[in-house]
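Subject: Structure handover

Hello,

Here is the structure I promised to pass on. Please open it alongside this note, and then read on for what was found.

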Amino acid sequence: MVILQDYNLTELTEFLTSNYGVKPFVARQIFQWLNRSVDFDGMTNLSKTLREQLKTDCVAVASRIVQTLTSEQDGTQKFLFELFDGNVVEGVLMKYKYGNTLCVSSQVGCRMGCKFCASTLGGLVRNLSAGEILSQVTSVNALSNDRERYVTNIVLMGSGEPLDNFENVVKFLQLVTSKDGLNVSERNISLSTCGIVPRMRQLADMGCSLNLTLSLHNADNEQRKSIMPVTNAYSVEEAVGALRYYFNKTSRRVIVEYTLIDGVNDSHSHALKLASLLSGITVHVNVIALNPVKETGLKGTREANVKKFLNYLSALGVSATRRRTMGQDIEGACGQLRRRYLEQNG
Ligand code: SAH
């Protein structure tokens, strides 16, 4: 099945003119519709025959929203997107004064095996194509009257490890930032990784201007191995080294994500190790308490101890803040909404 949202304007024009005899200006219109999440039925100036033909060979909009949960506290929304083959992935829309940030998924499932994360429990099902990642943005934009600008910021922080699906993620970045497309500034996009070092360096070498986040969660290699198996391949020194390399090459903001797990990574000695690992590098630490996932048995650090940990860091001169938690009433950690959906519908 050909996913039309996978193509940039040039590729789409080439595909439609050579296979269907579509005129280039019509291809451009189709491209614009795709960016506004309009499906074949809405492409009203195409002949019915062409639409039927395209429908049998191609997917236009690569995902549709099948479930929405809205927070009564702050309007944060969780979406479940269904892909053409029936797989589902999730996304979260957070509303701020300066704009709306959408957290998108890059894979169905994940193979990184982080012990605290719901997305990886069933392993990796498959990679998302560039168009499938893009379609999460276009589908959410389509909920608003402002079909191209509703989502102003994007974070690749949903299910999956974006740097384990490198080619498609890079293509997605090209599509979403394209002047012909949604024209989102790369500066408004953040990518979060568990630390696939060569790919982090590659992003730097490509001259990216996105914000890069490293999910660290423990500064000690042996301890980190027990919660994040990726540490067997790349040490914390290498991961932080790649973050520094990214910062030096791009001057973009780099962030360390630190999820506090009760009794696992939240003591004073953990703060000391973290401070020493990060010394000499311009980085901000985002601290968040673990969102408990029932299958893992791990608990989030209690409020009082989160504050203590932040105080330790501040005393050690580490720039750190607690990440504002939003949509707590609809909260389900990364991957949980999908798991619940699969349990009910699978
Ligand atoms: N694979 C990428 C991006 C997806 S996970 C990465 O590892 O960064 C997005 C963030 O949520 C990561 O920092 C991840 O460690 C964190 N996370 C996963 N499960 C969580 C949970 N149950 N509670 C809090 N944070 C969690």
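Where is His217 found? His217 lies in the loop between β11 (211-215) and α7 (221-227). Please keep in mind that this is a predicted model.

**Two residues with positive phi**

His217 is not a glycine, yet its phi is positive, near 65°. Most residues other than glycine have a negative phi. His217 is also buried, with a relative accessible area of 4%.

Asn183 is another non-glycine residue with a positive phi, about 55°. Look for Asn183 in the loop between α5 and β10 (189-193). Is Asn183 buried or exposed, or partly exposed? Asn183 is partly exposed, at a relative accessible area of 29%.

**The cores**

Nonpolar side chains tend to be buried together in soluble globular proteins. Here, the largest nonpolar core has 77 residues. Ile154, Phe172, Leu203, Leu274 and Val285 touch the most other members. Which helix gives the most to this core? Helix α5 (residues 166-177) does, with seven residues.

A second core is separate and has 21 residues. Among them are Leu12, Val26, Phe40 and Ala60.

Back to Val285. Leaving out residues up to four places away in sequence, Val285 touches Val256, Tyr258, Leu274, Leu278 and Leu313, and also Val318, Ser319, Ala320 and Thr321.

Asn286 sits in strand β13 (residues 284-289). Asn286 counts as buried, at 14% relative accessibility. The cut-off for buried is under 20%. Beyond four places in sequence, the contacts of Asn286 are Ile255, Val256, Glu257, Tyr258, Thr321 and Arg323. How far apart in space are Asn286 and Gly42? Their C-alpha atoms are 43 Å apart, and the two positions lie 244 residues apart in sequence numbering.

**A helix pair**

Two packed helices are described by the angle between their axes and the distance between the axes. Take helix α6 (residues 197-205) and helix α8 (residues 236-250). Their axes come within 9 Å and cross at roughly 5°. Angles under 35 degrees count as roughly parallel. So α6 and α8 are roughly parallel to each other.

Which residues meet across this pair? From α6 come Val197, Met200, Arg201, Leu203, Ala204 and Asp205. From α8 come Glu238, Ala239, Gly241, Ala242, Leu243, Tyr245, Tyr246, Lys249 and Thr250. By type, the residues of this contact are nine nonpolar, two polar and four charged.

**Lysine 171 and glutamate 90**

Lys171 is in helix α5. What does the side chain of Lys171 reach? It reaches the backbone oxygen of Asp6, at 2.9 Å. Setting aside neighbours within four places in sequence, Lys171 is in contact with Asp6, Tyr7, Asn8, Glu11 and Ala130.

Glu90 is in strand β5. Glu90 counts as buried, at 5% relative accessibility. The side chains of Glu90 and Lys78 are joined by a polar contact of 3.3 Å.

**Phenylalanine 84 and glycine 109**

Phe84 is in the loop between β4 (77-83) and β5 (88-96). With 42% relative accessibility, Phe84 counts as partly exposed. Which residues does Phe84 touch, not counting those up to four places away in sequence? They are Met1, Ile3, Val59, Ala62, Arg126 and Glu132. Met206 is 122 residues from Phe84 along the chain, and their C-alpha atoms are separated by 32 Å.

Gly109 is found in strand β7 (residues 107-109). Gly109 is buried, with a relative accessible area of 1%. Gly109 and Leu121 are 12 residues apart along the chain, with 7.7 Å between their C-alpha atoms. Leaving aside neighbours within four places in sequence, Gly109 is in contact with Ser119, Gly123, Leu124 and Val125. Ser159, Gly160 and Arg338 are also in contact with Gly109.

**Where to look when you open the model**

- His217, for a positive phi in a buried residue.
- The pair α6 and α8, for the roughly parallel axes.
- Helix α5, for its seven residues in the largest nonpolar core.
- Glu90 and Lys78, for the 3.3 Å polar contact.

Best wishes

Key:
Residues are numbered from 1 along each chain as its sequence is written. This is a predicted model: local features need pLDDT of at least 70, side-chain atom pairs count only at pLDDT 80 or more; totals for chains, interfaces and linings use all residues. Side-chain values use heavy atoms; hydrogens and water are left out. A nonpolar core is a set of buried Ala, Val, Leu, Ile, Met, Phe, Trp, Tyr and Cys residues joined through side-chain atoms within 4.5 Å. Buried means under 20% relative accessible area, exposed over 50%, partly exposed in between (1.4 Å probe, protein chains only). Helices (H or I, at least four residues) and strands (E, at least two) are DSSP runs, numbered from the N terminus. Contact means heavy atoms within 4.5 Å. Axes are lines fitted to C-alpha atoms, for helices over the stretch in contact, and angles run from 0 to 180 degrees between N-to-C directions. Angles under 35 degrees count as roughly parallel, over 145 as roughly antiparallel, 65 to 115 as roughly perpendicular and the rest as oblique. Ala, Val, Leu, Ile, Met, Phe, Trp, Tyr, Cys and Pro count as nonpolar, Asp, Glu, Lys and Arg as charged, and the others, Gly among them, as polar. A polar contact is a pair of N or O atoms within 3.5 Å; within protein, one must be able to donate a hydrogen and the other to accept it, and residues adjacent in sequence count only if both atoms are side-chain atoms.
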